[in-house]
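User: I am new to this structure and would like to understand the reasoning behind the words used for it. Could you take me through some of them?

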Amino acid sequence: MPPKNPRKAASSASAAEGSKPVSKQLSGSELLSQESRLKDERHKDKAAELVSLCEHFRVADEVCDKAWELSQILLSSMETEQGTNKMLYGACLLIAAIELDEVQFTLSDLLKNINMNVSNFFNLLKKLDVNMDTISTKVNSVVSRLEKKYEVQHALYQRFETNLKKIFVEESSTRVKAVSDSKSIVRSCWILFLLAKGKVLQMEDDLVISFQLLLCVLEYFVKLSPHALLKQPFKDVVKDLKETVPIRSSRRGTGRIVRTAPKPVEPDFRVVEVLCKENECNIDEVKNVYQKSFMSFLEMVNLTNQDGIPKEEEFSKQYEELYMKNKDIDARLFLDQDETLLRLKTEECLLEKTPKKNCLDDDSNLIPPQTPVRAALNSINQLKIILNSASSKPSENLMKYFGNCTVNPTEGIAKRVDRLGMAFTDRFAKAMGQACAEIGSQRYKLGVRLYYRIMEIMLKLEEMRLSVHNFSMLLNDNIFHTSLLACALEVVMATYGSTNLKSFGSSETDLLFPWILDVFGLKAFDFYKVIESFIKAEPNLTWEMIKHLERCEHRIMESLAWVSDSPLFELLKQLKEQGVQVEQSEMPGGLDLPLQHNHTAADLYLSPVKTPGKKAPPTNGRKPQTANDHAPPSAPAQPTSQKMQKSTSLSLFYKKVFRLAYKRLNMLCTTLLREHSELEPIIWTLLQHTLQHEYELMKDRHLDQIMMSAMYAICKVKNIDLRFKTIVTAYKDLPNTNQETFKRVLIREGQYDSIIVFYNLVFMQKLKTNILQYASSRPPTLSPIPQIPCSPYKLYANSPLRVPGSNNIYISPLKSSMLSPTKKIQISIGDSFGTSDKFQMINQMVSSEWSHKRGMDMADAPRPLKRLRFDAEEADNSKPAQESMFQKKLAEMTSTRTRMQEQKLKGGADSLSREEK
């Protein structure tokens, strides 16, 4: 029932009060009426639409005042369409209520009152954030959680509808009563699932566990549904279940028999198995959720021994309490196709499409959308394929490596795995709920299997590179093992969390990076050392997972490595004390290619960080025989112990930071300074100088904060009108940005403010002399302008990559594996190679086999492949004589390879010089 209008109550109370003596004591209702009247006086100058909203939801005066103040700021700075003011006031009301911790209404109630779709509402909130102080990070975090929860619920309801079509017969083929029963079952099933998700999961936005729980609820209702409503194979499975149920024995004559406690009945998973097969879901994981979480939930709501279909009223009221407590979205409205929860058609069109399979006609076979649930399940299945041959214990080859060590690390590794496993499972259960502790244990075991697999490949690579067998120093390094295990677990957690959902930002309880660092007490700078070697070692990582690890590396370089207690600052301090300069920027042309280096995780973890004291390195030039007694070859030996060796990990870290910093600066300059391109090298010079010599400014701050401050400073001294508001607006459009970066910047210990305050009080004060030099007649020498770097990890992606502009064309990269090596043949073909007769043999080899295969399938219509694969592995081994001639032709072509490459490089240099002119 809607609340009584406070204005009417106030007017009636005021009329009644007029006839009473002033000196009479006011009753409680009269005091409330007087308070309501005072509210009318306080808000008489505000817009009627806003006041009406505040009255409807009975918000406090302070919330109404703040919402009105915010709406006036927004209305003066943005254009609004006719009839949208009420929507704007609704958004301002939510922002004010969250900011003041006075949320007295649910999001669904607000959306219904302002007649607005949830997707449009979230888009409006993003548009409203025109100034840096419009929406605080606190509000942004709450809205982020609301949006993510909606995305998860929408994805789950999509999957729920898909399963209903597979389970229940169509309404048109059933009687009226059966249709009514079917609708009742559907409503009860969905609402019971919502209640189970709210009761079992502390983190309701976990898509994978929520979906597995949905399958458990579906199984419960399938077993209770009438046969007439079920499709095959569910009808036969349920029939078999009922036929195999043990018949209760008669109670006659049992009075003299001693009764014993009944044994717990083991659940029958035949329906679950069918559901998992239909959804391509892992049966073992669903069984675990069923036994550890769903069965206890059924006991909690007294549905364990239910014979018929439970009525929705029995648990709809319980869900209502959860919904009102969380103040979020009423997911029951999905059943009614409520307009406030329907996704916009344009958003549905933007869903990622899967490739066509065996399609002859575009109109006859539409491409189904790659839903978030399907994407998550595909990622999980790919991970399981990688780990098919992996064990949760060290393999025989690993044990050989352990045995070759001066100090055998086997016992230490086992104890570390057990200790970190307890920490991981405990933290997972605290985040997800104690009922999910076993799920955390299962995911940890997957991470351990990947950890041992990658370790073995890494050691094989090191053995080939160094020609040594004793890796005692590396294998007894605690930080190396913790980092490698953390990276393996990050891959597992990201795989289960890869939902392709849009998100406003990361939530506080997110189990993705850098959550694992906190669980293991691992420093981000130490974790970065293993990422690149991990990607190189695992040949079957999907491109999405490679991109995720690369993003983790970027976050470390942007901010996580620059926290005050990071080992990075200790290294920089030691360099400064020894007079060793921090890494210089690379020369032009060096950054347009992936960073070229031969360093591995062993180099980075074992690189020197302190001045050698007791023992000087050998100077006789002999090659070390083991990796235990010497640093890796990439760290050259010094003839004296008086000068510190430069840290390999620090050197590589700075090279990567410079690349990342310039890439982001270039993106920002391309947007804001197209007409002043001459300023980009100046800004880059200031930015590089700051990172190299004034790195204390990065402590507990973000790389982008320094970048934006450098841009503003140079534009200021060059008299270019570029305001911070404009910079921030363009910055928000860059990929992987967070509004907290410019809204909450460290000013001094314990004090945070906007980036403008940081620039005035910190950045400008520290670099004022250097900044003013760029306005003088003798400015500082400019740093080399690097080219835009490409991702260094594209070389290691082995999952097919989509061709830009196409949904169903994929290119599969060359595959390689240390565990299963294969031969590769590379051919380099350039311009002006000569006559075409040199390729006749190649054409004959290809066409003869292809014609033979086509002739066999000529009777059938041509069927396009699911993905176009360009693998060099598909060599024809059936014609050894022709293969020998083919190798001879390859030898002839190889003789011209150097000349062709020189011609290409020369032509590229000429083209580059013409562009520069």
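User: Why is Phe269 counted as buried?

Analyst: This is a predicted model, and in it Phe269 has a relative accessibility of 11%; buried means under 20%, so Phe269 counts as buried.

User: What makes the pair of Phe269 and Tyr290 edge-to-face?

Analyst: The ring centres of Phe269 and Tyr290 lie 5.4 Å apart with their planes at 80°; rings pair if their centres lie within 6.5 Å, and planes over 60 degrees apart count as edge-to-face, so both conditions are met by this pair. Phe269 lies in the loop between α11 and α12, while Tyr290 belongs to helix α13, 21 residues apart.

User: Why is Tyr290 called buried?

Analyst: The relative accessibility of Tyr290 is 5%, and the cut-off for buried is under 20%, so Tyr290 is buried.

User: How do you know that the buried residues of α30 line one face of the helix?

Analyst: The buried residues of helix α30 are Phe724, Ile727, Val728, Ala730 and Tyr731. Seen down the axis of α30, these residues fall within an arc of 165°, so they line one face of the helix. They pack against α27, α29, α31 and α32.

User: What makes the charged end of Arg744 one that sits over a ring?

Analyst: The charged end of Arg744 is 3.8 Å from the centre of the Tyr752 ring, which satisfies the distance limit of within 6 Å, and Arg744 is found to sit over that ring.

Terms used. Residues numbered from 1 in each chain as written. Predicted model: local features only at pLDDT ≥ 70, side-chain atom pairs only at ≥ 80, totals over all residues. Heavy atoms only, no water. Buried < 20%, exposed > 50% of the residue type's maximum accessible area, 1.4 Å probe, protein only. Helix = DSSP H or I, 4+ residues; strand = E, 2+ residues; numbered from the N terminus. Arc of directions from axis to C-beta. Contact = heavy atoms within 4.5 Å. Phe/Tyr/Trp six-rings, centres within 6.5 Å; stacked < 30°, edge-to-face > 60°. Lys NZ or Arg CZ within 6 Å of the ring centre and 35° of its normal.
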